[in-house]
Amino acid sequence: MSMHNPPHPGEVLKELYLDPLEITVTDAAKALNVTRKTLSAVINRRSGVSSEMALRLSKALNTSPEVWINLQAKFDLWNAKQNLSVKDVKLLRKAA
């Protein structure tokens with residue numbers, strides 16, 4: 001079952017963690033040991049969550065890295081489905 005328009009992981013990070021904890025982007029970036037620019041790019045949907053960032057977030061937020069990777073994968077796949085037609089892709093078969 002696919003989700004309709006899944007949230008970007010940066011939105012989840014901001015809305016479910018940073019805002020309720022009243023943590024600034026600057027303070028969160030320091031805790032994650034990344035630049036403010038790097039974290040801001042994730043939060044503002046200009047960058048995705050990498051494996052490295054997923055590991056950092058999982059440690060800082062007591063979650064699993066898979067949570068962040070799965071959020072990113074669902075977001076990316078949904079967007080790809082909106083923008084890519086696969087109607088001309090052929091089924092691979094053993095050559096005759």
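## Reading the exposure terms

A residue is called buried when its relative accessible area is under 20%, exposed when that value is over 50%, and partly exposed in between. With that in hand, take R45: its relative accessible area is 45%, so R45 counts as partly exposed. Please keep in mind that this is a predicted model.

## Loop residues with positive phi

R45 sits in the loop between α3 and α4. Although R45 is not a glycine, its phi is positive, at about 65 degrees.

N33 is another residue to look at, in the loop between α2 and α3. Its phi is near 60 degrees, again a positive value in a residue other than glycine. Is N33 buried or exposed? With a relative accessible area of 61%, N33 is exposed. You can also look just past α4, where N62 follows the helix with a positive phi near 55 degrees.

## Helix α4 and its two faces

Helix α4 spans residues 51–61, and its buried residues are M53, A54, L57, S58 and L61. Viewed down the axis of α4, these buried residues fall within an arc of 135 degrees, so they line one face of the helix. The general background is helpful here: an α-helix has 3.6 residues a turn, so residues three or four places apart point the same way.

What does the face of α4 turned away from the buried side carry? There you will find the exposed residues E52, L55 and K59. On the buried side, the cover over α4 includes α1 (9–21), α2 (25–32), α3 (36–43) and α5.

## The nonpolar core

The largest nonpolar core has 17 residues, and those with the most contacts inside it are L13, L39, V49, M53, L57 and W68. Two or more residues come from each of α1, α2, α3, α4 and α5. Which element gives the most to this core? That is α4, with four residues.

L39 is a good place to zoom in. Setting aside neighbours within four places in sequence, L39 is in contact with L13, V25, A28, A29, L32 and V34. As a general point, nonpolar side chains in soluble globular proteins tend to be buried together.

## A nonpolar patch on the surface

Some nonpolar side chains are found at the surface instead: L84, V86 and V89 make a nonpolar surface patch of about 310 Å². Within this patch, V86 belongs to the segment after α5 (65–83). The relative accessible area of V86 is 53%, so V86 is exposed.

How values were computed:
Residues numbered from 1 in each chain as written. Predicted model: local features only at pLDDT ≥ 70, side-chain atom pairs only at ≥ 80, totals over all residues. Heavy atoms only, no water. Patch = residues over 30% accessible without salt bridge, like charges linked within 9 Å, V, L, I, M, F, W, Y side chains within 5 Å. Areas by Shrake-Rupley, 256 points an atom, 1.4 Å probe, with all protein chains shown as cover. Salt bridge = Lys/Arg side-chain N within 4 Å of Asp/Glu carboxyl O. Buried < 20%, exposed > 50% of the residue type's maximum accessible area, 1.4 Å probe, protein only. Arc of directions from axis to C-beta. Contact = heavy atoms within 4.5 Å. Core = buried A, V, L, I, M, F, W, Y, C linked by side-chain atoms within 4.5 Å.
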